[in-house]
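Thanks for coming. I will take the overall layout, then one helix, then the salt bridges.

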Amino acid sequence: MSKRLPAEKSTITALVLAGGKGRRMGGRDKGLLPYGDRLLVGHILEGVAPQVAGVLINANRHVDDYARFGHPVVADPIDGFQGPLAGFLAGLERTTTDYVLTLPCDGPHIVPDLVERLASAVNEA
């Protein structure tokens, strides 16, 4: 049995899922909708980036808009907007860390110790 590496900042990549069609939003890209003083995805990136080794953004539309945030953008490897699992696969194929934290593009309130608390739970399990 192999020993699992401890979960800590250097072993975690955040994957922000922004690859959907936005059907419930009239086709608008949820991550690029304004919320307060910035776009939804901007809140998420600001909250999670300091907590992890790196960030990937899964997007299938408006790739250039997401790329402006300075993080790699990965598209689903399966055509046809197959849902969040296709986004997970895109991130898993590109990450170089042992752990991936997935976050939706429309959940702008990231607690400052989210990754620390999740890593602690993983390490205690």
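Reading from the N terminus, the elements of the protein chain come in the order β-β-β-α-β-α-β-α-β-α. That makes 4 helices and 6 strands. Keep in mind that this is a predicted model.

On overall dimensions, the radius of gyration is 15 Å, and the globule rule gives 14 Å for 125 residues, so the protein chain is as compact as a globular protein of that length. Along the principal axes, the C-alpha atoms occupy a box of roughly 45 × 35 × 25 Å.

How much of the protein chain counts as buried? The figure is 39% of the 125 residues. The accessible surface is about 7400 Å², and carbon and sulfur atoms supply 55% of that. As for contacts, take those with a separation of 6 or more: 66% of them are between residues 24 or more positions apart.

Now the helix. Helix α1 covers residues 40–48, and 8 of its 9 residues are buried. Among them are Leu40, Val41, Ile44, Leu45 and Val48. His43 is on the buried list too, along with Gly42 and Gly47.

Next, charges. The protein chain carries 13 positive and 14 negative side chains, and the centres of the two sets are 5 Å apart. How many salt bridges does the structure hold? There are 5.

I will start with Lys30 and Asp106, whose side chains form a salt bridge at 3.4 Å, N to O. Lys30 sits in the loop between β1 (12–18) and β2 (34–35), while Asp106 sits in the loop between β6 (99–104) and α4 (114–124), so this pair ties together parts 76 residues apart in sequence. Are these two partners buried or exposed? Neither word fits: Lys30 is partly exposed, at a relative accessible area of 22%, and Asp106 is partly exposed as well, at 35%.

Another bridge joins the side chains of Asp37 and Arg38, again with 3.4 Å from N to O. Asp37 counts as exposed, with 64% relative accessibility, whereas Arg38 is partly exposed at 29%.

Then there is Arg68 with Asp65, where the closest N and O atoms are 2.4 Å apart. Arg68 is exposed, with a relative accessible area of 65%, and Asp65 is partly exposed at 29%.

Which residues are joined into one network by salt bridges that share partners? They are Asp37, Arg38 and Glu46.

That is the end of my part. Comments are welcome.

Terms used: Residues numbered from 1 in each chain as written. Predicted model: local features only at pLDDT ≥ 70, side-chain atom pairs only at ≥ 80, totals over all residues. Heavy atoms only, no water. Buried < 20%, exposed > 50% of the residue type's maximum accessible area, 1.4 Å probe, protein only. Helix = DSSP H or I, 4+ residues; strand = E, 2+ residues; numbered from the N terminus. Salt bridge = Lys/Arg side-chain N within 4 Å of Asp/Glu carboxyl O. Rg over C-alpha atoms; globule rule 2.2 N^0.38 Å. Contact = heavy atoms within 4.5 Å. Areas by Shrake-Rupley, 256 points an atom, 1.4 Å probe, with all protein chains shown as cover. Lys, Arg positive; Asp, Glu negative; His and termini not counted. Charge placed at Lys NZ, Arg CZ, Asp CG, Glu CD.
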